[in-house]
Amino acid sequence: MIKKILNFKTILVLAVMFVPMVAFAVTQKEMEQARTIAAKAYIRYANDGSGYLDDLNPKTMDELEASLKPKEKENIKAFKAIPVPTDYKDWGKEKLVEYWAVTAFQDKGLLEKGRGGRLRARSQINKMTIAPPQPEAPATPVNSTGQSPDTASAAANNLTSLDSLGMAVNAPLNADDDFDEEGLNVDKATNYTWVYIMVLGILVAIVVALVVYAANVMKKNGNQSSQEKYQQRENQEKLEHYESLVSDKDVEISMLRKKLEAATKQNSELKSKLETLTAEMGALLASSKTSSEPKRQESVEAPPSKPVLRTIFLGRANARGIFVRADRTLNVGNSVFVLDTSDGFTGTFRVADSPAAWSLALSNPKEYLETACTGHDLDDTADASRIITETSGTAVFEGGCWKVIRKAKIRYAE
């Protein structure tokens, strides 16, 4: 009977010891992919003219650098200087995202404008799938029983705990050891055997219930993690959409403000003229009795006012020929053209005579020049360093925005 109990104990210990546990860790390939994603997001935000990167999906830094233009190759140097951790084999996805989407973008050597790419980096790294590591099977010495020393030690410890339980269950049996073996009641011994079996059955059921509960908890946590990731991705898309709407509204507000300023200025001029005419009218009425008609006619005539020339700095023109930005002064990183107007409704524009405007326009001629300018082979910017306007373009103020009516003619120069 004791032997049967020990067999049940052994089976229970082995069932508890060999419940598999699966762990996930970051590989060198995944570390490189996350680093590449973060670098691409940084240089995309560091230069507004790097829109061609949106069509690239490199997996390594070498693949990314091979596709870069000179401007981005210069910007990526600061990101490459960020150290790559060596303990990433113990990381999970959360720590991978934390390092490359948060810690890396806090490096002092990065451009402030490029730090805006951290949200895109977090979103894309979260979409990565971290593969399970390959299990290692080191040779383990065995003892004479066919078990490894660690397994045998663990089994012995568990058996010791279960022996204590068996001693407690066997307590009524030990109390009768003073009696002769022939005086034992056979039915009573049989009843105790069923008690042992029942206790072991309960223990086995508890272990199975715990395993099932743990599996359900892990599954539930996995589902919650997937829902959280989906929610984060949806929130990120909404945030980008709202940022785009806010940017468009800022442009509209800027245009309306310019229109209001022009209307206010015109109203002020008309008010000044009205005051002048009123004063002259009063003077005419006062001197009507003593002056002749020709003299009164000469006093009514007002001297012509000289038109005031205003200068406005404009950003790129969109596909509909509308300039998306207007500033009173040159806005580095946004201004490309300069427009002169005397009435606030029509004007002529040209490429701004500024190295900052030239650099921005040459970084992406298709986006910054072709919608408002014409010229020979505008896509070839290999030897170009300056932009010369041969013929100014014409624009009108319509619907609160400046719109291209006739494109300017330009050429490149070294």
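This passage describes cavities, a surface patch and one arginine in a predicted model.

The search covered the whole structure. It returned two cavities of 30 Å³ or more. The second largest cavity has a volume of about 60 Å³. Its lining consists of K258, K259, A262, R310, I312, T341, G344, F397 and W402. Two elements, α9 (186-287) and β1 (310-314), each give two or more residues to this lining. Helix α9 gives the most, with three residues. By class, the lining of the second largest cavity is mixed: four residues are nonpolar, two are polar and three are charged.

Helix α9 also holds I202. This isoleucine belongs to a nonpolar patch on the surface, formed together with V195, M198, I206 and L210. The accessible area of the five residues together is about 460 Å². I202 has a relative accessibility of 47% and therefore counts as partly exposed. The class applies because the value falls between the limits of 20% for buried and 50% for exposed.

R120 was examined separately. The residue sits in helix α6, which spans residues 118-126. Its relative accessibility is 25%, so R120 also counts as partly exposed. R120 and R44 are 76 residues apart along the chain. Their C-alpha atoms are separated by 10.0 Å.

Terms used:
Residues are numbered from 1 along each chain as its sequence is written. This is a predicted model: local features need pLDDT of at least 70, side-chain atom pairs count only at pLDDT 80 or more; totals for chains, interfaces and linings use all residues. Side-chain values use heavy atoms; hydrogens and water are left out. On a 1 Å grid over the protein atoms alone, a cavity is a set of points where a 1.4 Å probe fits but cannot get out, and a pocket is an open set with protein on both sides within 12 Å along at least five of seven lines; lining residues have an atom within 4 Å of a point. Grid points are joined across faces, edges and corners, and a volume is the space filled by probe spheres set on the points. Helices (H or I, at least four residues) and strands (E, at least two) are DSSP runs, numbered from the N terminus. Ala, Val, Leu, Ile, Met, Phe, Trp, Tyr, Cys and Pro count as nonpolar, Asp, Glu, Lys and Arg as charged, and the others, Gly among them, as polar. Patches are made of residues with over 30% relative accessible area and no salt bridge: like charges are joined within 9 Å, nonpolar side chains (Val, Leu, Ile, Met, Phe, Trp, Tyr) within 5 Å. Accessible areas come from the Shrake-Rupley method with a 1.4 Å probe; for residues, only the protein chains shown count as cover. A salt bridge is a side-chain nitrogen of Lys or Arg within 4 Å of a carboxyl oxygen of Asp or Glu. Buried means under 20% relative accessible area, exposed over 50%, partly exposed in between (1.4 Å probe, protein chains only).
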